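Colleague: I should be grateful for a close look at the voids in this model, beginning with the largest pocket and the residues that line it.

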Amino acid sequence: MYFARRRWARHVGFAAIATALYATTVRASAQSDGARAWDALRQGAVLLVRHANAPGVGDPANFKLGDCRTQRNLDQTGREQAKRLGEQFLSRQIVVGAVLESQWCRTKETAELAFPNRAREHASFNSFFGDSSSQPAQTAAALKTLNEWKGPGALVVVTHQVNITALTGVVPASGEGVVVRSKADGIEVIGRVTP
C-alpha cells in the first residue's frame, strides 16, 4: 500500500509538472505569435479586426444601415477595447496607411474610437450573418482588396466575425484582430492581437 501511494504521488507530481510546462509553452507561443503579428504590421501587413464588444448576436429583424438605433451597438467595454487598440498602435509606433470599415454602426464606432477620422466604408466587409448567399462574392471582393494592399503602412479593416472567419478560418473574439499578409494563393495568417 505504501509503495502504491508513492507511485500515485509521483504520477500526480509528473502530471502537475507536465501541465505547468504545457501552460508555459502555450503562453510563450501566444506571446511569440503576438510579437510576430505586431512586427508584421510595422512592415505593412493587414489587420482584420472584429468590431469591439457589442452584446448580443446578429441584429434585430428591423435593423437599418445608417440608423444605429436599430442595430446592435458597442457597450462601454467595447468602447474601451476600441480605444486600447488605437493606443497600442500609437505606443508601438505602427504607421496606419488606411482604415476600412463595414457599414454597420458597431464597426464604424470601433474604427472611429481606435483611429479617429481615418476610416472609410467598404461594403465588401459588411456582415453577411443574416444572408449567407452573398458570402462567396463578398469574400472574393474582400480578398481582392487585401491582396491589392501595398502600403505604405498597415491596412486596418474593421469588420465582423463571419467575414474574418470566411477569409482566414479564425474565429476572433470581440475586438480581437487577425494579422494577415498576401501570398500567391490568397492570404497567410501571421498571428492575432488583442485590445
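Modeller: In this predicted model, the largest pocket has 20 lining residues, and those nearest its centre are Gly 58, Arg 106, Ser 127, Phe 129 and Gly 130. The volume of this pocket is about 280 Å³. Sorted by class, its lining comprises 9 polar, 6 nonpolar and 5 charged residues.

The enclosed space may be considered next. There is 1 cavity of 30 Å³ or more in the structure, and the largest cavity holds about 40 Å³ of space. Its lining consists of Ser 124, Phe 125, Phe 128, Gln 138, Thr 139, Ala 142, Asn 163 and Leu 167. Two elements, α4 (135-148) and α5 (161-168), each supply two or more of these residues; α4 contributes the most, with 3. The cavity lining has no charged residues, being made up of 4 nonpolar and 4 polar ones, whereas the lining of the largest pocket includes 5 charged residues.

Arg 106, one of the residues nearest the pocket centre, leads on to helix α3, which spans residues 105-114. The axes of α3 and of helix α2 (residues 76-91) come within 7 Å of each other and cross at roughly 45 degrees; the two helices are therefore oblique to each other. Their crossing is right-handed. On the α2 side the contact is formed by Arg 79, Ala 82, Lys 83, Leu 85 and Gly 86, and on the α3 side by Glu 109, Thr 110, Leu 113 and Ala 114. By class, the residues of this contact are 4 nonpolar, 3 charged and 2 polar.

Key: Residues are numbered from 1 along each chain as its sequence is written. This is a predicted model: local features need pLDDT of at least 70, side-chain atom pairs count only at pLDDT 80 or more; totals for chains, interfaces and linings use all residues. Side-chain values use heavy atoms; hydrogens and water are left out. Axes are lines fitted to C-alpha atoms, for helices over the stretch in contact, and angles run from 0 to 180 degrees between N-to-C directions. Helices (H or I, at least four residues) and strands (E, at least two) are DSSP runs, numbered from the N terminus. Angles under 35 degrees count as roughly parallel, over 145 as roughly antiparallel, 65 to 115 as roughly perpendicular and the rest as oblique. A crossing is left-handed if the near helix is turned anticlockwise from the far one by less than a right angle, and right-handed if clockwise. Contact means heavy atoms within 4.5 Å. Ala, Val, Leu, Ile, Met, Phe, Trp, Tyr, Cys and Pro count as nonpolar, Asp, Glu, Lys and Arg as charged, and the others, Gly among them, as polar. On a 1 Å grid over the protein atoms alone, a cavity is a set of points where a 1.4 Å probe fits but cannot get out, and a pocket is an open set with protein on both sides within 12 Å along at least five of seven lines; lining residues have an atom within 4 Å of a point. Grid points are joined across faces, edges and corners, and a volume is the space filled by probe spheres set on the points.
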